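Here is a conversation between a visitor and a guide, with one request and one long answer. Have a look at the model first.

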Amino acid sequence: MTHSRRELLIAGAAAVTVQGCKQPASEDPFFKSQIKPAVPGSAGLRRGHQELVSSVCGQCVAGCAIQVRVVEGRAVKVDGMPDYPINRGSIGPKGQAGTGMLYHRDRIKGPMRREGARGSGKLVPVTWDVALAEIAAQLKALREKGEARSLVLLSGEPRGPMRDLWSRFAQAYGTPNLVDHRAVTDGAKGLASLYMQGVNEFPSYDWDRTRYVLGMGSSHLESWCQTIHMMRASSQLRHGMPGKRVKFVQVGPRYSTSSMKADEWVSIAPATYGAFVLGLAHVLIRDKLYDEKFVAEQTFGFEEFTGADGVAHQGFKDLVMSQWTPARASAMCGAPADVIERIAHEMAEFRPAIAVADPQVGSASNGLGAAMAVHALNALLGSIERPGGVLIQQRASLAPWAALAPDEVAKAGLNAPRLDGSGQKSAPLAEGAIHHLPAAMLSGKPYPAQAVFLHFSNPAFSKPGGKQWLEALAAVPLVVSFSPLADESTLAADFVLPDHSYLERFEYVEPAPALGAPIIGLRQPVVQTLHDTRQTGEVVVQLAKQLGGPVGAAFGWESYRAALDERLAGLVEQKGANAEADDAEGLVEAMKEGGGWWLEKPDLGKLECATPSKKFEFYSQAIASRLAAVAPDALEAELQRAGVLARGDLLCLPHFEPPRFSGAVADYPFVLLPYRAINYAEGGIRHLRRLVELPLVIEKPRAERLEVNDDDARRLSLKNNDLVVVETPAGSKELHVMVRPGIQPGTLGLPLGYGQWPPRPNEVTGGYPLLDATSEDAMAGVFALLGTRARIRRKS
Amino acid sequence: MSLWDLIASSKKDDEADAKVEARRKALHALTMGTAGALVALATLGAASGEEAKPAEKAPAPAPKGDEKKKKKHNWGMAIDMDSCTACGGCVVACQTENNVPAQQEEDSEKARGIFWMDLLSTAEGNYGEGLKLEVLPVPCMHCEDPPCVKVCPVNATYVSDEGIVAQVFDRCIGCRYCMSACPYGVRHFNWTEPKFDPAEQQSLNPDVACRPAGVVEKCTFCHHKIRAVKEKARADETTLTDNDFRKITACAAACPAQSITFGDLNDPQSAVSRLHKSPRAIRLLEELGTKPKVVYLRETKWRE
């Protein structure tokens, strides 16, 4: 028979009371604060009952497996799942703060509907049945009017079952407007893979076997899609392998945390990554240091070639040799030419070497060309699909859902042009351009948006042009948000159908590219659902059923869980490294043990690319055909409108042109360098105090600060903590200054993710309102994070 | 040696076991009522061959000279700056494990936040001219000769028999002498009652008491976790190895780069002992003679 320490304390307190203490201990406010009310699911548990429940973290897309310590039905501590290939037992600050999300005081406790005027932010409770019935009725009416296309689905989930479910919903309902966030985060990197290798996904890197890493602005220790995995890998690069110490070179304008941990840091001007990389390529080709066998056998467009129409086209080799001498690259990017020469030689000597492009490489007006240049460098080094190189993430063989047959209404809707302009003449190379949406929604062209769904999406805060987003949402008859927290966009919604927090959900998780080998995580509820919330997958299935007809038929499952099980059944056939079973049910149980299902090693067979030439393409024929689909005059007009200098073959090759910024140098002397620190999350981290107050690289900003270089600060007579007004063509705001040497003179560092919490209706905060939403790589439809100039003045 | 330590101690000889068993019974009786406790305390006296006396006055520790040899454990830590990525995972892990409230805006402005594990940074050079920043995760150094212990007027802080610089929160009178004495700034004062909203209270760790206002608090090397594995090992009758302790603190368990190693410095084979002897090992403010038990392994260069 044992007694918990708490019982002992209570007994002790009682004894004190008996002895004649004036105020009984149980009345003492501090003592009271130590006694917690019972939680759902704790009724049958004995005191002190505790267990470790496995699940998958949901604070970012990396999908680290976790073990949550649950005491008496309460989740008290998150730890990493040992042996899970992505994080191997560890977990970063965001994951650790997960219980803060679960027990957040601002969680939406049940379905709500707007009351009063739009923008008032007043929400009142409603029942699930009423909310679902009303939304279904409105969607049905839209569809019957033949306006299925005017439903816009915004989803921040780039992969996994929810992405597939929304995609299916869009197909069955008949809207082409399923838009993700990639265009504003890391779109160009995916597009570079798409046009050169045929897969619209970031590469994964085989860091365990590489010998040299060139980070192009790499933020792998801050806000990579696989930060925890990369941290682990980068520590392994130093001491994990006896006798082998990998060199890590970081190139970029800002001395970030990842730069701090690099062996060498090379400073270049903002958004000139492409020039640096093409300079390296020049040296590799000139000195015959590239992988000639790989280039000759498995690539297309290295040498000049003649197309099917008899027209001669430029090759990558000719472009690089004729234009990109280290001297010219140096003049463009500011890095010394001898450094470019030396790094090229080092990369050739220490193979396998990899060049890692940060999302910000592609997030500039010259983004796609630069992202392609980095990928081309990897090809020159022969590091594509090789051990120690750059790998395409392989996916587990989940069973597909039954094919659906869109009816006539759906077909008509799917054939409509996309509202964001992707694939049209203004953005022929785009695969989604969320930042184009507010303008399109406000103008009602090519057609008005009648309904908007916000899933994992708070565009008013986490996308440029927040004010415009709020105006655009206000003009839409039906806005539905699935957010568990009342963020800015949710306050502008007509209905809120709150999702569970990720520690209450059941689903499988497809992690962002990590090791190359297939892996599927299993997220399961660690505690009982706290509020009257419903998992969004379940809500979509129910909504589809209420819509009935062909939409309902496409969602014939009993529940979302049934849909997930159907897919997971596909894994039974394939033998996982850790989990195997005879049926789906057994497999799920096995997956719960280790956090998921995975294979140990990627299958590095022959390189097969889904490109027209079936090879790795230096010269992208897919780009060529997409551009050819636009009338030449219209294309020329668009290129001129956007200020693009490149023409013809250059658009299809990795290329560089000087970046364009919003704002004239004379008016706005600084370039704004927004960055995502370790505590960044897409919807912001401002609701989690522990992350807001996380000590960052230097000093203790512990809040949103504007980083200014020492010399600039001296020139402007600014000291640490001085209040300044930052002005850009897009907006202005007041910020405290943090003087630091790691920021390039002439630039201003701006951390993203901070802002007002709880948000106020019709107000947008954070760094994005300073950024000009119209600054972009126009052809690729990718927003230019590094595309806005700014000026500062002391707040008087 | 406190009552709890006695319960947790895993002495092997029969006499000690009998003593511990008797104390456990006494403690159990205490929860039942005073009469039972008296009986049990009498039994305790009989078992240990001493007079019955209140439990707080447990047998006096052995003379100082012998104590060092007798120490079963001497906990220490090594933090590898070569692999540390300055992510702050250790900071948040420590806060959630030890019920440290998140600092609010007003605390932040007044620099009153509590961070048992903090990240401190140093900067050298200018942009383009030998710029080098470094970030150090800084927990309590658990010095062998801690200045804080010497100044505490009420014995609220002491070096435990396992080498942990411990703090009895209930005994602290909040004079903050220890904070002035500590050269590492790792002691923190509770200016207010801990701020946890009711929802957040659900996630408090029941193994760690919250500290009220007016009390100094600090890193404990997660001694509750050390105690828990020891108790579990005793119940399961297994022996503990270095691997069981290596990642026992919340910071070491979380560290994505596996930079933090914890362990027993009395065990020459433990990973932490070996790292303490590494040529890369440096101690913070070593010249002060505090003999910190947390060492940093300095960063290396490529092809060094």
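What follows zooms in on one strand and then places it beside other parts of the model.

Visitor: I'd like a close look at strand 17 of chain A, please: which of its residues point one way, and which the other way?

Guide: Happy to! First, the small print: this is a predicted model, where local features need pLDDT of at least 70, side-chain atom pairs count only at pLDDT 80 or more, and totals for chains, interfaces and linings use all residues. Residues are numbered from 1 along each chain as its sequence is written, chains are lettered from A and ligands numbered from 1 in the order in which they are written, and side-chain values use heavy atoms, leaving out hydrogens and water.

Let's set the scene. Chain A has 29 helices and 31 strands (DSSP runs numbered from the N terminus: H or I of at least four residues for helices, E of at least two for strands). Of its 796 residues, 63% are buried (under 20% relative accessible area with a 1.4 Å probe and protein chains only; exposed is over 50%, and partly exposed is in between). Now take the contacts in chain A (heavy atoms within 4.5 Å) between residues at least 6 apart in sequence: 73% of them join residues at least 24 apart.

Now your strand. Strand 17 of chain A covers residues 451–455, and five of the five are buried, so the rest of the structure largely encloses it. As for directions, A:A451, A:F453 and A:H455 point one way, A:V452 and A:L454 point the other way, and all are buried. That fits a general pattern: in a regular strand, side chains alternate between the two faces of the sheet.

Who are its partners? Strand 17 of chain A pairs in the parallel sense with strand 6 (residues 151–155) of chain A, over five bridges (pairing takes at least two DSSP bridges between two strands). Here A:V152 stands opposite A:V452. Strand 17 of chain A also pairs in the parallel sense with strand 18 (residues 478–481) of chain A, over four bridges. In that pairing, A:A451 has A:L478 as its bridge partner.

Hop over to chain B for something to set beside it. Strand 1 (residues 75–80) of chain B has six of its six residues buried, so it too is largely enclosed by the rest of the structure. B:W75, B:M77 and B:I79 point one way, while B:G76, B:A78 and B:D80 point the other. Its partners come in two senses. With strand 8 (residues 260–264) of chain B, strand 1 of chain B runs antiparallel, joined by five bridges, and B:A78 stands opposite B:T261. With strand 10 (residues 294–297) of chain B, strand 1 of chain B runs parallel, joined by four bridges, and B:D80 has B:L297 as its bridge partner.

Helices can be enclosed as well. In helix 8 (residues 227–240) of chain A, eleven of the 14 residues are buried, so this helix is largely enclosed by the rest of the structure. Among those buried residues are A:H229, A:R232 and A:R238. They pack against strand 8 (203–205) and strand 9 (212–216) of chain A.

Single residues are worth a peek, too. A:E617 lies in strand 23 (residues 616–617) of chain A and is buried, with a relative accessible area of 0%. Not counting residues up to four places away in sequence, A:E617 touches A:Y195, A:M196, A:F300, A:T611, A:P612 and A:A622. Its side chain also makes a polar contact of 2.8 Å with the side chain of A:S613 (an N or O pair within 3.5 Å; within protein, one atom must be able to donate a hydrogen and the other to accept it, and residues adjacent in sequence count only if both atoms are side-chain atoms). A:A376 is 241 residues from A:E617 along the chain, yet their C-alpha atoms are separated by 8.6 Å.

Last stop: A:Q524, in the loop between strand 21 (519–523) and helix 21 (536–547) of chain A. At 11% relative accessibility, A:Q524 counts as buried. Leaving aside neighbours within four places in sequence, its contacts include A:V53, A:L503, A:R505 and A:K592.
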